[in-house]
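Let's take a walk through this one together. Have the sequence and the model side by side as you read.

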Amino acid sequence: MAHPTYPLRTPRLLLRPVTLDDLDDVHAWQARPDVVRWMLGAAPRTRQESRVSVVAMAGEDALRAEGDCLTLAVVAGDVVIGAVELVWRSRADRTGELGYVFHPDHGCRGLATEAAGALLDWGFGAFGLHRVVVRCHADNEASARLAARLGMRREARHVRSYRFRGGWADQLVFAILAEEWRSRPG
């Protein structure tokens, strides 16, 4: 079993496992159409649907086996402003997939970059990943910009590669290797 030593701290944030006490903050973004619009199969959630989501995220506190997801609440002050996750895609290839979601009221200050970077530090460092990818809908400009700010290169645009809201959608794939992460400027 692998997980960070909790909490992970950055200059402005604290990252820790999600708890049931986070329900109000999580529901605040999960109820917003502008947040869930890019999530596969997601619609704005009711409070009860957010409760189910929080219970599921609370169980994602460690990487025990290939395919597991580690989800961490991103806390600024005393508010959960978002979540970052790392999915363990392959033990043999030492690969993972990064995901993130943030409340828009906390945007444009570099907090998402700071939080995702902290999880990448752990993934490439203590967990020993070789490669991490980010996948997003081709029209999700905010997600693509965050991947680029993290130093990830855009490797692919998969044209009409998956079903999304009743139609076909393009998907962008970004990636970074451990040595690239460690040698990035700044």
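What covers the buried residues of H1? Keep in mind that this is a predicted model. The cover includes H2, H3, S4 and S5. As for who sits underneath, the buried residues in H1 are Leu23, Val26, His27, Trp29 and Gln30. Around the axis they span an arc of only 165 degrees, so they end up on the same side of H1.

Now hop over to H3, which runs through residues 47-58. Its twelve residues reach 16 Å from the first C-alpha to the last, close to the 16 Å you'd expect at 1.5 Å a residue. Buried here are Ser50, Ser53, Val54 and Met57. Look down the axis of H3 and these buried residues fall within an arc of 100 degrees, so they line one face of the helix. And what do they pack against? Helix H1 (23-30) and strand S3 (69-76).

Next, the empty space. The largest pocket holds about 1600 Å³. It is lined by 49 residues, and the closest to its centre are Met39, Tyr100, Val101, Asn140 and Ser143. H1 and H3 turn up again here: each supplies at least two residues of the lining, and so does each of H2, S4, S5, H4 (111-124), S6 (131-137) and H5 (141-149). By chemistry, the lining of this pocket splits into 24 nonpolar, 13 polar and twelve charged residues.

Methods. Residues are numbered from 1 along each chain as its sequence is written. This is a predicted model: local features need pLDDT of at least 70, side-chain atom pairs count only at pLDDT 80 or more; totals for chains, interfaces and linings use all residues. Side-chain values use heavy atoms; hydrogens and water are left out. Helices (H or I, at least four residues) and strands (E, at least two) are DSSP runs, numbered from the N terminus. The expected span of a helix is 1.5 Å times one less than its number of residues. Buried means under 20% relative accessible area, exposed over 50%, partly exposed in between (1.4 Å probe, protein chains only). The arc is that of the directions from the helix axis to the C-beta atoms. Contact means heavy atoms within 4.5 Å. On a 1 Å grid over the protein atoms alone, a cavity is a set of points where a 1.4 Å probe fits but cannot get out, and a pocket is an open set with protein on both sides within 12 Å along at least five of seven lines; lining residues have an atom within 4 Å of a point. Grid points are joined across faces, edges and corners, and a volume is the space filled by probe spheres set on the points. Ala, Val, Leu, Ile, Met, Phe, Trp, Tyr, Cys and Pro count as nonpolar, Asp, Glu, Lys and Arg as charged, and the others, Gly among them, as polar.
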